[in-house]
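Open the model in your viewer and keep the sequence panel beside it. The stops below say what to select and what is there.

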Amino acid sequence: MDRLWQGAPREPPAATGVEHFVVSSRSAFWYVSTEMARHIEACLDAPERPEWVRFVDIVGARVRIRASELEYVTQSTRAHRAAWRAFRRMLDREEEDEPGEDGG
């Protein structure tokens, strides 16, 4: 963990186009590298879950949070983000094509 704790990529994912993961708590979220996501998942999957999870986000901020506060870890690739944008556009078009609630 010390090696992971010390280093993180210098550029945010938007600048590099790299795959990243989103880690969410009840009050915040962070973008993390694949390696860091694996570390967090290992902490959460451990038979004796630690009380605290430490990690570094993708721009180098150090985070220490209670394991019980973490809600999800989800992958975000360029392909995933493009698919979600296309899906959102489809839903927006569908909504525009539907008549209003007043029937008109």
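Select the whole chain and colour it by burial: 29% of its 104 residues count as buried. This is a predicted model. Now show the surface. The chain exposes about 7400 Å², and carbon and sulfur atoms supply 49% of that area.

Switch to cartoon. You should find 4 helices and 5 strands. Walk along the sequence and they come in the pattern α-α-β-β-α-β-β-β-α. Next, turn on contacts. Among those with a separation of 6 or more, 59% join residues 24 or more positions apart.

Now select residues 34-45, helix α3. How far apart are its end C-alpha atoms? They are 16 Å apart. That agrees with the expected span, because 12 residues at 1.5 Å a residue should also give 16 Å.

Stay on α3 and show side chains. Pick M36, A37, H39, I40, C43 and L44: these are buried. Look down the axis of α3. The buried residues fall within an arc of 160 degrees, so they line one face of the helix. The general rule helps here: an α-helix has 3.6 residues a turn, so residues three or four places apart point the same way. Then turn to the other side of α3, where R38 and D45 are exposed.

Last, colour by pLDDT. The chain has a mean of 84, and 78% of its residues reach 70 or more. Where does pLDDT stay under 50? Select residues 5-10 to see that stretch. For residues 5-10 the model has 12 contacts beyond four places in sequence.

Conventions
Residues numbered from 1 in each chain as written. Predicted model: local features only at pLDDT ≥ 70, side-chain atom pairs only at ≥ 80, totals over all residues. Heavy atoms only, no water. Helix = DSSP H or I, 4+ residues; strand = E, 2+ residues; numbered from the N terminus. Buried < 20%, exposed > 50% of the residue type's maximum accessible area, 1.4 Å probe, protein only. Contact = heavy atoms within 4.5 Å. Areas by Shrake-Rupley, 256 points an atom, 1.4 Å probe, with all protein chains shown as cover. Expected span 1.5 Å × (residues − 1). Arc of directions from axis to C-beta. pLDDT = per-residue confidence, 0-100.
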